[in-house]
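Student: Hi! Could you walk me through this one? I'm new to reading structures.
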Amino acid sequence: MGVDLRQIVAGILTITMFVMLGQMLHRDYFDAVQEKVEGDIEFHGSKVAVEDGLVRGPWMEDSHVLKPCWSISQSDDSVSSKGYVTFSLTNGPEYHISQITDAVMVAKHLGATLVLPDIRGSKPGDEMNFEDIYDVDKLVKSLDSVVKVVKKLPSHVSLRDIAIVKVPTRVAEDYIKEHIDPIFKSKGNIRVTTYFPSVNLRKTSLDAETDPVSCLAMFGSLELQPGVNDLVESMIQRLKTHSKISGGRFIAIDLRVEILEKKNCHETGAVGSKTCYNAQEIALFLRKLGFDSDTTIYLTQPRWESSLNILKDIFPKTFTKEAIMPADKKPKYLELENSEYENVIDFYISSRSDVFVPAIPGLFYANTVGKRIALGKPQVLVPAEISRTSGLSTDYISPYISKKNHLAYSCFC
């Protein structure tokens, strides 16, 4: 009985098919997700095609670290003490930077002594000491030639003798002389609270010669105390170990579900652009810029939410702080309700990441960019809907950097 060649070919094809099926079953989980991503995906009602590897090399190299342009001249009355200026740090590290700057400016131009602030959370009674988060010695030393700093208000100073004064952020010397100096001379001691007419940090014509005291306070006074700094460093290193293929580089995304759900995040800007972006939109934005599935991502979101699953499907190495914080550190830094520590960790990791993506506008974005400018980390990508199938990351660099209109450029060169 002769052998039918058609049966032999059919048998070979059958064996080949089973071999291929076995290989498919042993693939990494993301391969299955990747095939979904590479097809048509619904994105705000329109079909977009995302192809694997459209753009290779979306990472930018860091630029050189800039040097401070400001110089402080020592004067006889630079550390004089005519009274006391008190204040508190509130609302998170992005606000702390502005609050310390305004308080230093007021104390300097009044010739007053600055009292070390406490740190207050969002709830009444939620207070921390300055040294719980920040380095006291660094603050005192950095401001040594500008203002005298004491840890506590002297016991002989009554709270009744302290006038509460509201100042706009980025307060200038002229404003202090006109509005604050008369009150200070009358009461002898004041408590400064900063309000924020605007949360953008763009340079203006008035910032051409930024007060060097303001630059020093904003960029040279606040540093994390050693314990918190070591924790942040350890978390950054964990992120880097997940990023071997990309050379230890990772992305930090300021994406918080609670804020995304608020009404103002559903509104559009004056030119019809979105103001906030959700997990799916961010995932597609990054894929179309060429970031591949192995990219490591850190989210500022406090705890994992199901709405973030699409981001993890496309980028499996997506983590919140609870996933990368050492277990022995969680009771102190993670398991306390409304802990300021969490906000600080997010801010400093976002400042140090290789790429920063602000899914939410505001002061966190603005002050993170300021620290990144000083550190020579210019890759801040502002999300947008990309109608075509790919894009270049350089087209989405923050205007703060591409136009060099951030206040930091008045302080660094």
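Student: Cool. Which strands does helix 3 lie across?
Tutor: Helix 3 (residues 93–110) lies across strand 3 (84–86), strand 5 (113–115), strand 9 and strand 10, and runs at about 145° to strand 10. Helices (H or I, at least four residues) and strands (E, at least two) are DSSP runs, numbered from the N terminus. Angles run from 0 to 180 degrees between N-to-C directions, with axes fitted to C-alpha atoms, for helices over the stretch in contact, and contact means heavy atoms within 4.5 Å.
Student: Anything I should know about the model itself?
Tutor: This is a predicted model, where local features need pLDDT of at least 70, side-chain atom pairs count only at pLDDT 80 or more, and totals for chains, interfaces and linings use all residues. Residues are numbered from 1 along each chain as its sequence is written, and side-chain values use heavy atoms, with hydrogens and water left out.
Student: Okay, back to the strands. What order do the 5 strands of the open sheet have?
Tutor: The order is 8-5-3-10-9, with parallel pairing. Two strands pair if DSSP finds at least two bridges between them. Strand 8 (149–150) and strand 9 (162–168) are at the edges with a single partner strand each, so one side of each has no neighbour in the sheet.
Student: And how many bridges join strand 9 and strand 10?
Tutor: Strand 9 and strand 10 (residues 189–195) pair over 7 bridges, in the parallel sense. Alanine 163, for instance, has isoleucine 190 in strand 10 as its bridge partner. Helix 5 (residues 173–187) lies across strand 3, strand 9 and strand 10, at about 175° to strand 9.
Student: What comes between helix 5 and strand 10?
Tutor: A loop, and glycine 188 lies in it. Leaving aside neighbours within four places in sequence, glycine 188 is in contact with Lys82, Gly83, Tyr84 and Ile183. The C-alpha atoms of glycine 188 and lysine 82 are separated by 7.4 Å, though the two residues are 106 apart along the chain.
Student: New topic! How many salt bridges are there?
Tutor: The whole structure has 12 salt bridges, each being a side-chain nitrogen of Lys or Arg within 4 Å of a carboxyl oxygen of Asp or Glu. One of them joins aspartate 62 and lysine 377 (2.8 Å, N to O). Aspartate 62 is in the loop between strand 2 (46–49) and strand 3, and lysine 377 in the loop between helix 14 (363–375) and helix 15 (399–402), so the pair ties together parts 315 residues apart in sequence.
Student: Last one: which residues line the largest cavity?
Tutor: Ile97, Met218, Phe219, Ser221, Leu222, Tyr348 and Lys371 line the largest cavity.

Note on methods
On a 1 Å grid over the protein atoms alone, a cavity is a set of points where a 1.4 Å probe fits but cannot get out, and a pocket is an open set with protein on both sides within 12 Å along at least five of seven lines; lining residues have an atom within 4 Å of a point.
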